[in-house]
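Please walk me through this structure, from the sheet to the spaces enclosed by the chain.

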Amino acid sequence: GLDAPAVLTTAELSRISPREYPVLILPLLQVLSPAEITQLERYVKEGGRLIADLFPGRYNEFGVPQVNSRLLALFGFKSASAPELGRSGSLQLDGSGDLPELYLGGPLELAEGAQARGAIGLRSRAVKLGGIALAESFQKAAPAAVSFSQGEADTLYLNFALPDYYQ
């Protein structure tokens with residue numbers, strides 16, 4: 001079984017190690033300071049596994065929007081567009097059905113070695129309009145997740161968020 005998750009403060013972040021916390025999960029962590037990003041980089045370089053969703057560190061500690069290239073690189077991106085929070089849709093994972101009603105992220109340009117997992121896309125249902133029949137289609141727009149390994153370090157970025165976060 002799993003132990004209950006620990007909630008860490010900013011002060012504790014500078015003292016944690018992968019031996020003590022082998023995995024850090026950053027659920028919808030929209031605010032990160034440059035110092036906190038440095039601590040997350042250190043943690044990953046020491047072999048920690050980091051999981052985040054939907055554009056972590058979208059704002060700095062003062063609430064100013066930021067795109068931090070160091071944080072993007074940590075998750076295996078060359079660049080990323082900010083997600084349009086509130087845009088909802090379906091997510092299609094490899095070999096499975098759709099997961100409906102998720103908040104979806106945007107396109108990602110992956111660094112060498114980063115692996116795209118699943119797909120976020122636009123699905124159109126089959127419809128008949130007058131005498132014209134349109135077939136169902138799915139057009140991939142972005143990866144659903146990105147895994148990135150550097151030596152012993154692993155990161156996983158989920159390019160979506162669950163709608164329950166906002167309720």
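**Cavities, pocket and sheet**

The second largest cavity has a volume of about 40 Å³, where a cavity is a set of points, on a 1 Å grid over the protein atoms alone, at which a 1.4 Å probe fits but cannot get out, and a volume is the space filled by probe spheres set on the points, with grid points joined across faces, edges and corners. The model is predicted: local features need pLDDT of at least 70, side-chain atom pairs count only at pLDDT 80 or more, and totals for chains, interfaces and linings use all residues. Residues are numbered from 1 along each chain as its sequence is written, and side-chain values use heavy atoms, with hydrogens and water left out.

The lining of this second largest cavity consists of Phe-55, Pro-56, Gly-57, Gln-66, Val-67, Asn-68, Leu-71 and Leu-72, a lining residue being one with an atom within 4 Å of a point. By class, that lining has 5 nonpolar, 3 polar and no charged residues; Ala, Val, Leu, Ile, Met, Phe, Trp, Tyr, Cys and Pro count as nonpolar, Asp, Glu, Lys and Arg as charged, and the others, Gly among them, as polar. The count of cavities of 30 Å³ or more is 2. For the largest cavity the volume is also given as about 40 Å³, and Phe-55, Pro-56, Leu-71, Leu-72, Phe-75, Phe-77 and Tyr-157 line it. Its lining has 7 nonpolar residues, with no polar and no charged ones.

Phe-55 lies in the loop between β2 and α3 (69-74); helices (H or I, at least four residues) and strands (E, at least two) are DSSP runs, numbered from the N terminus. Phe-55 is not a glycine, yet its phi is positive, at about 60°. Leu-28, in the loop between β1 and α2, likewise has a positive phi, near 45°.

The strands form an open sheet of 5 with mixed pairing, in the order β1-β2-β13-β12-β7; two strands pair if DSSP finds at least two bridges between them. Because β1 (23-26) and β7 (115-117) stand at the edges with a single partner strand each, one side of each has no neighbour in the sheet. From one strand to the next, the twist averages 15°.

Starting from the β1 edge, β1 and β2 pair in the parallel sense over 4 bridges, with Leu-26 opposite Ala-52 in β2. Between these two strands the chain passes through α2, in a right-handed β-α-β crossover; right-handed means that, with the strands pointing away from the viewer, the path from the first strand over the helix to the second runs clockwise. β2 and β13 also pair in the parallel sense, over 5 bridges, and Ile-51 has Leu-156 in β13 as its bridge partner. Strands β12 (residues 145-150) and β13 (residues 153-158) run antiparallel and are joined by 6 bridges. Val-146 stands opposite Tyr-157 in β13, and Tyr-157 also lines the largest cavity.

Helix α2 (residues 34-45) packs on the sheet, touching β1, β2 (49-53) and β13, with contact meaning heavy atoms within 4.5 Å. The direction of α2 makes about 145° with that of β1; axes are lines fitted to C-alpha atoms, for helices over the stretch in contact, and angles run from 0 to 180 degrees between N-to-C directions.

The largest pocket holds about 710 Å³ of space, a pocket being an open set with protein on both sides within 12 Å along at least five of seven lines. Of its 23 lining residues, Ala-6, Leu-8, Val-23, Leu-24 and Ile-25 lie nearest its centre. The elements giving two or more residues to this lining are α1 (10-13), β1 and α2, and β1 provides the largest share, 4 residues. The pocket lining has 18 nonpolar, 2 polar and 3 charged residues.
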